[in-house]
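Me: I'd like to go through this structure and ask how each label is earned. Could you set the values against the cut-offs for me?

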Amino acid sequence: MSRSRRFLSGAAFSYLYQASVAIVGIWLTPFYLRVLGAHDYGIWLVGLQVLGVLLLCDLGVITVLPRDVAQANGRELTGSDPDELPMLIASTAKIVLPQTILVALVALALFFFRPSAASGVRGPVALVLLTFVVTYPFRMFPAILQGLQEIKFLGQLRICLWAVSAGITVWLLFLGFRFYALAWGWCFLESGSNVGALVKLYLIRPDLLRVRTWKTVGAFQWRWLTRGLWVSVGQITNTFSCGMDLLIIAPVLGPAMVVVYSCTGKLVQVLQNQPQSLASYALPGLSQMKTAESRERIRTAATCLTQAMVLVGGAIFCVVLPLNQQFVSLWTGSHYFGGLPLTVLFLVNFMARLIDYTLAMALFAFGYEKFYAVRAILDGLVSAVLAILLVGPLGLKGVLIGFACGAVFVAIPIDLYLFSREFGVSILQSVKPYFPYLWRFIFVGCAALPIVARIDIPNLFVWALIASAIGLVYLALAFPYVNRSELGGYIRAAVSSYGTAIRARFLKVPEPTLSSSGDQ
């Protein structure tokens, strides 16, 4: 199967999963608020952000693993180094197992030094932390499968586990288990995804799990950590940009305002996973291309990826801007809506972070860990400091202004400079692909805002119809440009590939043979 087919298959199941989560979450969040109350649910939301501290203990090893696996797999396919991939996995395992001790110590510290407001969730927090520590070594197996581009399986596994997890949570909440219901649901999803990935890897590549390779790779060597050291630095500072907003709001404005902030931005937070999943699933393919493709072809692929993400992000902007107030009012009640200015700031921050994320993923695929870390440090410091300074005088809006400034004035300029230097193009050429999409979604979103304000939306079904209509208008406006661009060529090639696959499966027409490097 070609890289494009693997990428699109994984993206399709990812979108199915995220759509299921969004639809069920529309019902579950009001249910959580009724059962737990705004204050307690706000404490739970803040508590989940603390798990990000534990993820920093991997020192970037698991984060960088999909890219390294993809590159090693590319060399394995070309026959240049068939032993690199098994040795890479064995050395990673020898790093991850000792790291589990560090994770356990940090989890113990988090449990004993938790905020006093979270004293009522002592048992559930202990359960979540214990599950995280026990299953931590297994986190490498989903990363390996992602590097091998088994994205379709990971999507299918995630959908099945999430459905069971949601059922467990709801059932236990009805039985009155409160925070334990949320904890058990999370634990099942976390452990199931890691163990399921291990089973899949054993079935498709048992040679990668042989004890003989473990012995051959030798004793632990500190140099194995260097490939993830700068990634770890970047992870630590990225925590300030992803998740620190709730930790900043809670002590200043209180847990109840965390719920208002979360509900106002829920639509953006759920939908932003759509374009980001495109980049995360494309990362192994880009890394593999580095070993076998020309610089020009890699630049074309990276440019098309950025265009695809901005295209999807523009559709989200068009829908959320005019319809967010009605969505929150129908979903949890108008008293949980933070206002139109807060919605605009959520969208500005979303689009800025989306462009930053796209460029950063492309650079990460080509080994820019050190620059990635420096960029993340500056971005994190500026974002966090400004958010802390502005949350007092400006409230919730001040937090988003701080994080948006970090993206616009620090992260994106550094990304553009590195991207232009890597591919030998000017900064203007680097940003040029974004402009045709930017004016289109801004125009459609702003035009829809006063029109939707005059329409009475009685339920979420009518809301979905209006959202679909706005999305179709945006796509109709963007389609002519997309069709003429390089992205249009990729889309046509992917559609043709899927058509061939469907004919081969149902009409028994043989598929054409492709080279080992894939088509696109």
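Reply: Sure. Let's start at Gly 254, just after helix 12, which takes a positive phi of about 100°. Keep in mind that this is a predicted model, where local features need pLDDT of at least 70, side-chain atom pairs count only at pLDDT 80 or more, and totals for chains, interfaces and linings use all residues. Residues are numbered from 1 along each chain as its sequence is written, and side-chain values use heavy atoms, with hydrogens and water left out.

Me: What makes something a helix here, and how many helices and strands are there?

Reply: Helices are DSSP runs of H or I with at least four residues, strands are runs of E with at least two, and the numbering starts from the N terminus. By that rule, the protein chain has 23 helices and 0 strands.

Me: Which residues with a positive phi are not glycine?

Reply: Gln 149 is one of them, with a phi of about 65°, and Arg 178 is another, with phi near 50°. Gln 149 is in the loop between helix 7 (140-147) and helix 8, while Arg 178 is in the loop between helix 8 and helix 9.

Me: Why is Gln 149 called buried, and Arg 178 partly exposed?

Reply: Relative accessible area decides: buried is under 20%, exposed is over 50%, and partly exposed is in between (1.4 Å probe, protein chains only). Gln 149 has 6%, so it's buried. Arg 178 has 30%, so it's partly exposed. Over the protein chain, 54% of the 520 residues count as buried.

Me: How do you know that helix 13 is largely enclosed by the rest of the structure?

Reply: Of its 10 residues, 8 are buried, so helix 13 earns that description. Those buried residues include Val 258, Val 259, Val 260 and Tyr 261. Cys 263 also lies in helix 13 (residues 255-264), and its relative accessibility is 3%, so it counts as buried.

Me: What does Cys 263 touch?

Reply: Contact means heavy atoms within 4.5 Å. Not counting residues up to four places away in sequence, Cys 263 touches Val 328, Trp 331, Thr 332 and Tyr 336. Thr 29 is 234 residues from Cys 263 in sequence, yet their C-alpha atoms are 8.9 Å apart in space.

Me: Where is Ala 143, and which residues is it in contact with?

Reply: Ala 143 is in helix 7, and it's buried because its relative accessible area is 6%. Leaving aside neighbours within four places in sequence, Ala 143 is in contact with Ile 62, Leu 65 and Pro 66. Its C-alpha atom is 8.7 Å from that of Val 64, 79 residues away along the chain.

Me: Why are helix 6 and helix 9 called roughly parallel?

Reply: Each axis is a line fitted to C-alpha atoms, for helices over the stretch in contact, and angles run from 0 to 180 degrees between N-to-C directions. Under 35 degrees is roughly parallel, over 145 roughly antiparallel, 65 to 115 roughly perpendicular, and the rest oblique. The axes of helix 6 (residues 122-135) and helix 9 (residues 179-204) cross at roughly 5° and come within 9 Å. That's why the two helices are roughly parallel. Among the residues making the contact are Leu 127 and Phe 132 of helix 6, and Trp 184 and Cys 187 of helix 9.

Me: What makes the pair of Phe 31 and Phe 174 tilted?

Reply: Rings of Phe, Tyr and Trp (its six-membered ring) pair if their centres lie within 6.5 Å; planes under 30 degrees apart are stacked, over 60 edge-to-face, and the rest tilted. The structure holds 8 aromatic pairs. In this one, the ring centres are 5.2 Å apart and the planes are at 45°, so the pair is tilted. Phe 31 is in helix 1 (residues 3-36) and Phe 174 in helix 8 (residues 151-174), so the pair ties together parts 143 residues apart in sequence. Phe 31 is buried at 6% relative accessible area, whereas Phe 174 is exposed at 59%.

Me: How do you know that the charged end of Lys 200 sits over the ring of Phe 153?

Reply: The rule asks for NZ of Lys or CZ of Arg within 6 Å of the ring centre and within 35 degrees of the ring normal. The charged end of Lys 200 is 5.1 Å from the centre of the Phe 153 ring and counts as sitting over it.
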